Amino acid sequence: MPKGRILVLHGPNLNLLGTREPEIYGTTTLDQINLLMDERGRELGLSLEFFQSNHEGKLIDRLHAARDQFDWVIINPGALGHYSYALRDAISAVGIRTIEVHLSNIYAREPFRHQSVIAPVCTGQISGFGVQSYLLALEAAAAGLN
Ligand code: DQA
């Protein structure tokens with residue numbers, strides 16, 4: 001298996017980025033985010049695969065299939081991060097180092113967003129830097145592979 005394989009997972013409602021509450025999430029679309037990540041990933045010698053779903057089970061299935069296939073998962077779980085024990089268990093079960101990403105600073109928003117149930121099974125969390133959150137996660141993954 002070549003080193004530096006990254007699976008990027010996007011959870012519910014992130015397919016609407018660009019037009020979804022732009023004052024919170026900005027105007028960059030998901031396709032543009034993926035393109036920016038792909039470009040930076042190439043520079044860092046990483047190969048990236050992307051998957052978005054609005055369905056908890058589909059994200060979990062994708063994680064299961066990722067077992068032994070990827071060095072890192074970078075996931076923006078959307079709202080699932082606040083309550084999905086099933087997603088947390090899937091991350092834990094597959095044993096791939098995982099970075100949790102949020103565009104917005106979840107700790108500066110409504111109280112229900114202050115908790116991440118997946119954070120304890122992730123290597124780290126990056127929250128609040130908009131599109132840069134994803135690119136910072138790539139830097140962290142690349143550094144962690146050395
Ligand atoms: C989000 C934050 C979550 O609270 C929200 O449900 C999202 C997007 C973010 O990227 O800031 O869907 O994960």
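This report describes the fold, the nonpolar cores and selected residues of a predicted model.

**Overall architecture**

The chain contains six helices and five strands. Their order along the sequence is β-α-α-β-α-β-α-α-β-β-α. The chain is as compact as a globular protein of its length, because its radius of gyration is 14 Å and the globule rule gives 15 Å for 146 residues. Along the principal axes, the C-alpha atoms occupy a box of roughly 40 × 30 × 25 Å.

Contacts distant in sequence are well represented: among those between residues at least 6 apart, 77% connect residues at least 24 apart. Of the 146 residues, 47% count as buried. The accessible surface amounts to about 7000 Å², and carbon and sulfur atoms account for 51% of this area. As to charge, the chain carries 12 positive and 15 negative side chains, with 4 Å between the centres of the two sets.

**Nonpolar cores**

In soluble globular proteins, nonpolar side chains tend to be buried together. In this model the largest nonpolar core comprises 24 residues, and Ile6, Met37, Ile74 and Ile99 have the most contacts inside it. At least two residues of this core come from each of strand E1 (5-10), helix H2 (30-43), strand E3 (72-76), strand E4 (97-102) and helix H6 (131-145). Helix H6 gives the most, with eight residues.

The surroundings of isoleucine 6 illustrate how this core draws on separate parts of the sequence. Leaving aside neighbours within four places in sequence, isoleucine 6 is in contact with Leu46, Ser47, Leu48, Glu49, Phe70, Trp72, Ile74 and Ala141. A second, separate core has 18 residues, among them Leu59, Val94, Ile118 and Cys122.

**Strand E1: arginine 5 and leucine 7**

Two further residues of interest belong to strand E1. Arginine 5 is placed in this strand, and leucine 7 is found there as well. Not counting residues up to four places away in sequence, arginine 5 touches Ser47, Glu49, Gln69, Phe70, Asp71 and Trp72. With the same exclusion, leucine 7 touches Glu49, Arg62, Ala66, Phe70, Trp72, Val73 and Ile74. Leucine 7 counts as buried because its relative accessibility is 0%, and buried means under 20%.

**Strand E5: glutamine 125**

Glutamine 125 lies in strand E5, which spans residues 124-127. Its relative accessibility of 27% makes glutamine 125 partly exposed, since this class lies between 20% and 50%. Residues up to four places away in sequence aside, glutamine 125 touches Glu100, His102, Ile106, Tyr107, Ser116 and Ala119.

The table lists C-alpha separations for the residues just discussed.

| Residue pair | Separation in sequence | C-alpha to C-alpha distance |
|---|---|---|
| Leucine 7 and serine 47 | 40 residues | 8.6 Å |
| Glutamine 125 and valine 101 | 24 residues | 5.8 Å |
| Arginine 5 and alanine 142 | 137 residues | 9.9 Å |

**Backbone conformation at two loop residues**

Most residues other than glycine have a negative phi. Glutamate 21, which is not a glycine, has a positive phi of about 35°. Glutamate 21 is located in the loop between E1 and helix H1 (22-25). With a relative accessible area of 36%, glutamate 21 is partly exposed.

Aspartate 68 also has a positive phi, near 65°, in a residue other than glycine. The position of aspartate 68 is in the loop between helix H3 (56-66) and E3. Aspartate 68 counts as exposed because its relative accessibility is 64%, and the exposed class begins over 50%.

Definitions and conventions:
Residues numbered from 1 in each chain as written. Predicted model: local features only at pLDDT ≥ 70, side-chain atom pairs only at ≥ 80, totals over all residues. Heavy atoms only, no water. Helix = DSSP H or I, 4+ residues; strand = E, 2+ residues; numbered from the N terminus. Rg over C-alpha atoms; globule rule 2.2 N^0.38 Å. Buried < 20%, exposed > 50% of the residue type's maximum accessible area, 1.4 Å probe, protein only. Contact = heavy atoms within 4.5 Å. Areas by Shrake-Rupley, 256 points an atom, 1.4 Å probe, with all protein chains shown as cover. Lys, Arg positive; Asp, Glu negative; His and termini not counted. Charge placed at Lys NZ, Arg CZ, Asp CG, Glu CD. Core = buried A, V, L, I, M, F, W, Y, C linked by side-chain atoms within 4.5 Å.
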